[in-house]
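Colleague: I would love a close look at a single part of this structure. Could you walk me through the surroundings of the ligand?

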Amino acid sequence: MSSDVFLLYFEDEAEFALRLADEAKLTPQLIHRHRFPDNELKLRFPPKLPSHVVLLRSLVDPNEKLIELLLVVSTARQLGVEHVTLIAPYLAYMRQDIAFEPGEVVSQRVIGAFLASLFDAVITVDPHLHRIATLDEAIPGTTTVVLSGAPLLGDLVAKHHADPILIGPDRESSQWVALAAQRHGFDYAVCEKVRHGDQSVDIELPSISFYGRAIVILDDIVSSGRTIACAAQRLIAAGAVSVDVAVTHALFAHDALNVITSAGVSSTWSTDCISHPTNAVSISPLIAAELNKLDGFMNLRAVAKKSP
Ligand code: R5P
């Protein structure tokens, strides 16, 4: 069923976008994207837009996509759009939240301010917030909605294992591990992680018994895969009968999937916040439900219907 609120999307996210549009009862509208020989972009969407549009852009490989956001939203505003909601199932640049050395850019602050300057609302899933408590602090002055993939991953784990231990590879993961484990009464714990570099981490297991147990490592992000690989090796050495992985954001940079498979991981499951062959559960029903719940959204839908 169509509506007067457009869901703008790019071709590479068409499958997710069309499903979400159907679930949230939005009108899907493709943004045509032309790349010039020199790599600059030309974008085109319908010349007439309603007063509220929702833009879907998961920010994996974010650098060019941030330029797309700027081009889309600036043009939408020129065409009279009053309210723009960003759905970014994966929100990039959230991990760099502090300057570890003088002069280092705090990307979370810069990108957060950029998104705040463009969007009236931002909906995302499991953003990596370490040293701040809420996404509002990273994207100030904008309505923010944070959803979690952890309950979906917990439900998926329950289909494969009757009595697993859920393990978070570092302290930050404890929020997601607890959320997934508690709804099924699973045992859970988190490790201590020290990162030495992009490709180098060390992990100390919590002092519980893993002998003879099925383990699922649950985390928000797999990037280089080194965190998961190190945790899996330690768990297998501690007597785990199997180690699987459940993750919200399947970044899987370069050889990450091989690295974690070689470390002994059996199955890897992810949400479709980022499209990847490991996708096993979809986040779109959760986003659709949130869109329909947002009072502001519903009011704006009513306003959009009255527009000529
Ligand atoms: C950071 O603490 C995150 O929760 C992940 O554990 C981390 O980003 C994974 O990175 P990698 O796969 O490169 O070890």
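Modeller: Here is a walk around the ligand, with the ground rules at the start. This is a predicted model, in which local features need pLDDT of at least 70, side-chain atom pairs count only at pLDDT 80 or more, and totals for chains, interfaces and linings use all residues. Residues are numbered from 1 along each chain as its sequence is written, and side-chain values use heavy atoms, with hydrogens and water left out.

The ligand sits in the largest pocket. A pocket is an open set of points on a 1 Å grid over the protein atoms alone, where a 1.4 Å probe fits, with protein on both sides within 12 Å along at least five of seven lines; to sit there, a molecule needs more than half of its atoms within 2 Å of the grid points.

Around the ligand there are 15 residues, and Asp-219, Asp-220, Ser-223, Ser-224 and Thr-227 come nearest (a residue counts as near if one of its heavy atoms lies within 4 Å). By class, this shell has 8 charged residues, 5 polar and 2 nonpolar (Asp, Glu, Lys and Arg are charged; Ala, Val, Leu, Ile, Met, Phe, Trp, Tyr, Cys and Pro are nonpolar; the others, Gly among them, are polar).

Strand S11 (192-197), strand S13 (214-222) and helix H7 (226-237) each supply at least two shell residues, with the largest share, 4 residues, coming from S13. Helices (H or I, at least four residues) and strands (E, at least two) are DSSP runs, numbered from the N terminus.

Now for the polar contacts, which are pairs of N or O atoms within 3.5 Å. Polar side-chain atoms of Asp-170 and Arg-195 each lie 3.1 Å from an oxygen atom of the ligand. An N or O atom in the side chain of Lys-193 is also 3.1 Å from a ligand oxygen. On its own, the ligand has 380 Å² of accessible area, and the protein covers 94% of that (by the Shrake-Rupley method with a 1.4 Å probe).

Definitions and conventions: A polar contact is a pair of N or O atoms within 3.5 Å; within protein, one must be able to donate a hydrogen and the other to accept it, and residues adjacent in sequence count only if both atoms are side-chain atoms. On a 1 Å grid over the protein atoms alone, a cavity is a set of points where a 1.4 Å probe fits but cannot get out, and a pocket is an open set with protein on both sides within 12 Å along at least five of seven lines; lining residues have an atom within 4 Å of a point.
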